[in-house]
Amino acid sequence: MHKSLPVLALLCNALIWGVSWWPLRRMYEAGLHPLWAIAAMFALITLTLLLLRPGALRRLLRTPGLWLLVLVAGLTNVGFNWAVTIGDVVRVVILFYLMPAWSILLAWRFLGEPPTRSALARLVLAFAGVLLVLWPADGKLAHFTRGFSLADALALLGGFMFAATNVALRRLRDEPTPARVLAMFAGGALLGGLAAAAGQSLGAVPALPGADAAWLVPLLLWAGALMLANWALQYGATRLPAGTTALVMLCEVLFASASSVAAGAAQPTLRTWAGGALIISASLLAALQARR
């Protein structure tokens, strides 16, 4: 049982993020825009971390690299959480999981790790999947951009920034864990708040509503769930090989797809499933290779 705890912890993390669309949509229906929800939840978590580890703030303020982590982690959460609130959940998660392909390109550029032939093959596989997912229903190339929605753009942005977050974490691996965790949650609070304020000034995002139990209760509960998810990830990922961690984390796609289809929050087409199979296959191959 003790040996299975790290895997169970990672499954807990994947489950929480896989069903994150549900509380976000409940808050949205109660009048709280997802950008304000992101800012509020991550601000609560950031304040909690500062109370528990006040020294992490000093480390963050004097380490420029951690501010890059603030940026990319913040944009990851803005992209993903906003997308699953307004878009088809299965399609969003599939596009978000193009992340391993972005990682290959970013590691080549910023870490000096040229891709192997197998990595390039996975890259082709993943982008072929994206083309299938985004291909217009009428099959006409001229109409390619017509079906491209804001949720699609946010999902792709979130996946790219998640890959950038992973690259940044590798470059900052010598930094204390509390400082890195603080940077990631502070990024969600800061970027979510800035995006919400900018959207409100442009008339695209409604103002932060007054306190209401309809959105305040799920916000507080989900902030606690996200803290649990982060603890579970830290516990599991530090006790298992990276390849095993990546394999288990792919369960997030399963949890998100099953829950959203069952609840009617997703109506994936056959082309979406086929494209998703290619993208997830690329992720699965990368995880298996890392495990070996």
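Helices (H or I, at least four residues) and strands (E, at least two) are DSSP runs, numbered from the N terminus. The model is predicted: local features need pLDDT of at least 70, side-chain atom pairs count only at pLDDT 80 or more, and totals for chains, interfaces and linings use all residues. Residues are numbered from 1 along each chain as its sequence is written, and side-chain values use heavy atoms, with hydrogens and water left out.

**Exercise 1. Place T165, classify its accessibility and list its contacts.**

Step 1. T165 lies in helix α9.
Step 2. Apply the cut-offs: buried means under 20% relative accessible area, exposed over 50%, partly exposed in between (1.4 Å probe, protein chains only). T165 has a relative accessible area of 1%, so T165 is buried.
Step 3. Contact means heavy atoms within 4.5 Å. Leave out residues up to four places away in sequence; T165 then touches L69, V72, A73, T76 and M184.

**Exercise 2. Describe how α6 and α9 pack.**

Step 1. Two packed helices are described by the angle between their axes and the distance between the axes.
Step 2. Axes are lines fitted to C-alpha atoms, for helices over the stretch in contact, and angles run from 0 to 180 degrees between N-to-C directions. The axes of α6 (residues 89–96) and α9 (residues 150–171) come within 7 Å and cross at roughly 35 degrees.
Step 3. Assign the hand. A crossing is left-handed if the near helix is turned anticlockwise from the far one by less than a right angle, and right-handed if clockwise. α6 passes α9 in a right-handed crossing.
Step 4. Name the partners. From α6 come R91, V92, L95 and F96; from α9 come A151, D152, A155, L156, G158, G159 and F162.
Step 5. Sort these residues. Ala, Val, Leu, Ile, Met, Phe, Trp, Tyr, Cys and Pro count as nonpolar, Asp, Glu, Lys and Arg as charged, and the others, Gly among them, as polar. The contact of α6 with α9 has seven nonpolar, two polar and two charged residues.

**Exercise 3. Find the buried residues of α2 and their packing partners.**

Step 1. In α2 (residues 21–29), the buried residues are W21, P23, L24, R25 and M27.
Step 2. They pack against α1 (5–18), α3 (34–52), α5 (64–86), α6, α11 (213–237) and α13 (251–263).
Step 3. Check the backbone just after α2: G31 takes a positive phi of about 105 degrees.

**Exercise 4. Compile the accessibility and C-alpha separations of A43, A196 and T269.**

Step 1. A43 is in helix α3. Its relative accessibility is 28%, so A43 counts as partly exposed. A43 and F185 are 142 residues apart along the chain; their C-alpha atoms are separated by 7.5 Å.
Step 2. A196 is in helix α10 (residues 177–201). At 0% relative accessibility, A196 counts as buried. Its C-alpha atom is separated by 22 Å from that of M227, 31 residues apart along the chain. Not counting residues up to four places away in sequence, A196 touches L35, W36 and V205.
Step 3. T269 sits in the loop between α13 and α14. With a relative accessible area of 43%, T269 is partly exposed. T269 and T85 are 184 residues apart in sequence and 19 Å apart in space, C-alpha to C-alpha.
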